[in-house]
Amino acid sequence: IAMYAAKRAGKGRLARWHAGMTPPNADDLRLRQPLTAAVTDRRIEFAYQPIVRLADGSVLGYEALARWSVAGQPISPARFIPVAQRAGLLGQLTEQVLDDATAQLSQWSRRLGHDRLRIGVNVPAMLMTDPALPALVARVVDRNRLQPAQLVIEITEDALVEDFEAARRVALLLRDVGARLCIDDFGKGYSSLVRLQQIPLQSLKIDKSFIQDIDREPEAERFAAALIALAGDLGLDVVAEGIERAPQAALLRRLGSTFGQGFLFARPKFAGQIDPRTNYADSGDCAAPRAEVPVD
Ligand code: C2E
Ligand code: MG
Ligand code: MG
Ligand code: MG
């Protein structure tokens, strides 16, 4: 990369990019400036998608998902999160999602009259090694008078790959605070099972690529079954991501996945469009709808 950069810089100019830095891609060039402004002005919004108990369609909690539009055109977080990362904006953005999600949960908890509803927040790998994260989590939980266990920190496997020792220390601190830790997109990454065993975890979210074809291909079904069994053997809750069709939900229920999330139940929506008392038994073809099920 150093050579590439020097070559591009031409005669008499210092290379702006050096080994260890990647050259800006088209999205960086196009989105970095407006994204910086949007994050600074707190114009990133957060949508919420329910995580449902497959047995009865009741809501376990919601996941907060960042939303950003430029000139009325929504830009997928899959595109702008990497840009935010390279622009050094992810710390700020994570503070904002933690703020928004905990304030929202506090409102819903008051409306429901109990504190069992959970909120999931995506925390990027880079912050999972930052000892400031547990303190920040404790602060937002406190400020909104939540039970710490209502907050679920979702991390992907890559958080456990680079500096595992640092990530493990942060995981232990999060446990001390009382927040839950969940592996997102499970099965898609490269972390080893040994590492999963070495950090305090409550749940695995099975990546949607494993769920996609389970009702159409026996091979896909066997794979999902194995992942669900593994999670169960490790004593972890399972959330199946990306459920779009009722037969998928039925199959997952049979395979032992307790929880599910996907367009079948609801798309991510802004809080104003959400009633936390909604039951999704009808959309999931559940046998016995019950609105209220005690957790823990
Ligand atoms: P994720 O954390 O795995 O979030 C789940 C993604 O799956 C969301 O995409 C959600 O809209 C989508 N999804 C839910 N149900 C279905 C379904 O039935 N079918 C399909 N095809 N997709 C479904 P979204 O909102 O576009 O977010 C993509 C990724 O961007 C997230 O994946 C997460 O990794 C990242 N992300 C989103 N918001 C944040 C955030 O606030 N902070 C960070 N660090 N990352 C975020
Ligand atoms: Mg997630
Ligand atoms: Mg996921
Ligand atoms: Mg994903």
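## Two magnesium ions, one shared aspartate

In this predicted model, Asp-184 forms a bridge between the magnesium ion (ligand 3) and the magnesium ion (ligand 2), and the two ions sit 4.1 Å apart.

Take the magnesium ion (ligand 3) to begin with. Its protein donors are Asp-184 (OD), Asp-185 (OD) and Glu-241, which is listed with two OE donors, and they lie 1.9 to 2.6 Å from the ion. Along the chain, these donor residues follow the spacing D-D-x55-E. Asp-184 belongs to strand β6 (residues 180-186), while Glu-241 comes from the loop between β8 (237-240) and α10, so this pair ties together parts that are 57 residues apart in sequence. Are Asp-184 and Glu-241 buried or exposed? Both of them are buried.

## The site of ligand 2

Now for the magnesium ion (ligand 2). Here the protein donors are Glu-63 (OE), Asn-122 (OD1), Glu-154 (OE) and Asp-184 (OD), at 2.0 to 2.2 Å from the ion. The sequence spacing of the donor residues reads E-x58-N-x31-E-x29-D. Glu-63 is part of strand β2 (residues 59-70) and Asn-122 is part of strand β4 (residues 118-122), so these two tie together parts that are 59 residues apart in sequence.

What about solvent? Glu-63 has a relative accessible area of 4%, which is under the 20% cut-off, so it counts as buried. Asn-122 comes out at 28% relative accessibility, so it counts as partly exposed.

## How α9 meets α10

Helix α10, which ends the loop that holds Glu-241, also has a helix partner. Helix α9 (residues 218-233) packs against helix α10 (residues 246-255) at an angle of about 45 degrees, and their axes are 10 Å apart. That angle makes α9 oblique to α10. The crossing of α9 past α10 is right-handed.

Which residues make the contact? From α9 come Glu-221, Ala-225 and Ile-228, and from α10 come Leu-251, Leu-252 and Leu-255. Sorted by type, the contact has 5 nonpolar residues, no polar ones and 1 charged.

## Lys-269 and its neighbours

One more spot to look at is Lys-269, in the loop between β9 (259-260) and α11 (281-284). Its relative accessibility is 35%, so Lys-269 counts as partly exposed.

Lys-269 and Tyr-48 are 221 residues apart along the chain, yet their C-alpha atoms are separated by 5.3 Å. Leaving aside residues up to four places away in sequence, Lys-269 touches Ala-47, Tyr-48 and Ile-274.

Conventions:
Residues are numbered from 1 along each chain as its sequence is written. Chains are lettered from A and ligands numbered from 1 in the order in which they are written. This is a predicted model: local features need pLDDT of at least 70, side-chain atom pairs count only at pLDDT 80 or more; totals for chains, interfaces and linings use all residues. Side-chain values use heavy atoms; hydrogens and water are left out. Axes are lines fitted to C-alpha atoms, for helices over the stretch in contact, and angles run from 0 to 180 degrees between N-to-C directions. Helices (H or I, at least four residues) and strands (E, at least two) are DSSP runs, numbered from the N terminus. Angles under 35 degrees count as roughly parallel, over 145 as roughly antiparallel, 65 to 115 as roughly perpendicular and the rest as oblique. A crossing is left-handed if the near helix is turned anticlockwise from the far one by less than a right angle, and right-handed if clockwise. Contact means heavy atoms within 4.5 Å. Ala, Val, Leu, Ile, Met, Phe, Trp, Tyr, Cys and Pro count as nonpolar, Asp, Glu, Lys and Arg as charged, and the others, Gly among them, as polar. Donors are N, O and S atoms within 2.8 Å of the metal (3.2 Å for Na, K and Ca); water is not among the atoms, so sites may look incomplete. Buried means under 20% relative accessible area, exposed over 50%, partly exposed in between (1.4 Å probe, protein chains only).
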